Amino acid sequence: MDRFPGQTVSPRRPWVASYPAGVSAEPRPLPHQSLAEMARASALRHGERRACTMVLPNGMEASLTFQEVHERSEAFAAFLRAKGIKRGERVLISLPDCPAYVVCSLGAFKAGVVLVNSNPLYTEHELLEQLRDCSPSVVVGLDKFGDKISRAAQAAGVPLVVLGKVADFFSPLKGALIRTKLRLSREIPAVRGPSVSLASALKQGRADLERHGPVQVPLGRDDVALLQYTGGTTGVSKGAMLTHGNLLANLAQIAEITRGCLNEGDETVLTVLPLYHVFAFTINHLYSFHCGFHNVLVPNPRPLRNLEPALRHKITWTTGVNTLLKGLLREPWFVAQPPRGLKVVFAGGMEVEPAVREGWEERVGSVVVEGYGLSESSPLVTFNPFVPGEGGPRRSMQEAGGAGLPLPGTEVTIVGEDGAALGPGERGEILVRGPQVMLGYWQRPEESQRTLEGGWLHTGDIGTMAESGYLRITDRKKDMIVVSGFKVFPAEVEACIATHPNVADVAVIGVPDERTGEVVRAFVVPRSPPLTAEEVIAYCRPLLTPYKLPRAVAFLRELPKSPVGKTLRRELRAMMALSHPASV
């Protein structure tokens, strides 16, 4: 393959020789010291272009230009200042894909606070656990979930709750129609605790701007910008501390590999994946805003028919996971009229099945580019190389699927159990080093030290690397389950089930599922029969997000254990492969 003229292949980076022409071994750094600076510079460059458009299932839309996002995010930053929120304090945002997320996240960066991403579908129990861990000064959510958010915030001692509305950012007429519909359908619960509406917060912020001018907080690349919660390699949820420099570095790396394929100010991205997930957060949100792309937001992609109005926009690229692509290929309306302007799908979260990738490229005509990443690496680590071509990007390597090549400026090595580097084709743990790798885990110094030992991110993932530098993942983190691209950590589900008074012991594994890739299956040792699967699942339902719920429960007399008493999940997987234990 051609490579960037004059670049030298490092002995530790043989993959550089496989880069497409024009892709450098090192990314061209962005000229900003913080994401706040990036956001302001991009708004100045792109002004009256549309920055984001939220599309509801009924086709109603709300749009903001880059200038409007800038003005509102400046107002949100000023509101935080007026409330006495200082640099480094945390602001948790629990919103679906909507303009409010764009405004508040960029406003948080401008205020110099640390953004904490949170799933708006978390149960009250899950949200409370996250609030207690990160101790935010402010929670921003949607009024549809206002009662849950308010109760969790009060229990965690969070002093300020800001609630947006679905009708925010729509025209007055459309906003009135939406409010009337929601009032009649009684979808908005009463909020018992104190809160302020997002509209009121922005109004207060504008008043503060008039008195004191824009918020100016000195920020550098080493300042923490984001707490992205992840199970890491242990299954215990914790916040990966991503700095402004980490995220800016990953943006520069993405810019390097998309050079010539995505054009600044001339692309429209479809955002179906949730922005609170680091994959969409970095690529769909930050990278799109940096480049001046129009971001079409789908707040609720289920059922998949909800995407149809959004596809009336001329979508040129998107992100997705295997489950999404597979589901769309089964939708008659989508197959009949696929988005012909779509050039590329960036896929992650789980490997795309070959049949899905081939079916997508045949029926839709856009290339599916897979990569590998982790929350701890902002997230992107590797990519399948692609180049501009007639009709859109095409792959520059014959291999399709898998993790691809390490990003420019990134080092990846495979090590054995003794920590020694392995040769081409040998299977071992994947270690990563680069400017996008996190600072560490929030308030967990020992776990941070273990995960970042020797200056390398120990991913816990197992893979092989070809002589060309092409990485393939052969096993996931030892026990992690991936449901529709969402990570489920067995320890969390097990801890929930174990609190049932009739459960003596429990273990959880993932089992294959045609629709979602994997589903959660629980193995329970009951204290005193009878205990039914329905009882176990019903007990978990108010405590766990739906994708974490066990789909089936098997009952055993005892769980397989190691000599030191550790549950042997591998034996449960082997048991599933050989037979089907009794379950309901």
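Here are some questions and answers about this predicted model.

User: How many disulfides does the structure hold?
Analyst: A disulfide needs two cysteine sulfur atoms within 2.5 Å. For C104, the nearest cysteine sulfur is that of C98, 8.1 Å away. For C540, the sulfur of C496 is the nearest, at 3.8 Å, and C540 is in no disulfide either. The count for the structure is 0.

User: Is C104 buried or exposed?
Analyst: Anything under 20% relative accessible area goes down as buried. C104 has a relative accessibility of 0%, so the label here is buried.

User: Which lysine side chain does the side chain of E267 make a polar contact with?
Analyst: E267 sits in the loop between helix 8 (244-257) and strand 10 (268-271), and it's buried, with a relative accessible area of 4%. Its side chain reaches the backbone nitrogen of N263 at 2.9 Å. Side chain to side chain, there's a polar contact of 2.7 Å, and the partner is K343.

User: Beyond its close sequence neighbours, what does E267 touch?
Analyst: Set aside anything within four places in sequence. What's left is C261, L262, F293, H294, T316, W317 and K343.

User: How wide an arc do the buried residues of helix 12 cover?
Analyst: The buried ones in helix 12 (residues 354-363) are V356, R357, G359 and W360. They're on the same side of the helix, because the arc they cover around the axis is only 165°.

User: And which exposed residues does the face turned away from that buried side carry?
Analyst: The buried residues pack against helix 10 (322-329), helix 11 (332-336), strand 13 (344-347), strand 14 (367-373) and strand 17 (394-395). Flip to the face turned away from them, and the exposed residues are A355, E358 and E362.

User: Which residue just after helix 12 takes a positive phi?
Analyst: Look just past the end of helix 12, which spans residues 354-363. The phi there is about 90°, and the residue is G365.

User: How many residues of strand 9 are buried?
Analyst: Strand 9 covers residues 238-243 and is mostly covered. It runs antiparallel to strand 8 (residues 224-230), with 6 bridges joining the two. The buried count for strand 9 is 6 of 6.

User: What stands opposite M241 in strand 21?
Analyst: Strand 9 is also joined to strand 21 (residues 440-441), by 2 bridges, and those two run antiparallel. On the strand 8 side, V224 has T243 of strand 9 as its bridge partner. Opposite M241, in strand 21, stands G440.

Terms used:
Residues are numbered from 1 along each chain as its sequence is written. This is a predicted model: local features need pLDDT of at least 70, side-chain atom pairs count only at pLDDT 80 or more; totals for chains, interfaces and linings use all residues. Side-chain values use heavy atoms; hydrogens and water are left out. Buried means under 20% relative accessible area, exposed over 50%, partly exposed in between (1.4 Å probe, protein chains only). Helices (H or I, at least four residues) and strands (E, at least two) are DSSP runs, numbered from the N terminus. A polar contact is a pair of N or O atoms within 3.5 Å; within protein, one must be able to donate a hydrogen and the other to accept it, and residues adjacent in sequence count only if both atoms are side-chain atoms. Contact means heavy atoms within 4.5 Å. The arc is that of the directions from the helix axis to the C-beta atoms. Two strands pair if DSSP finds at least two bridges between them.
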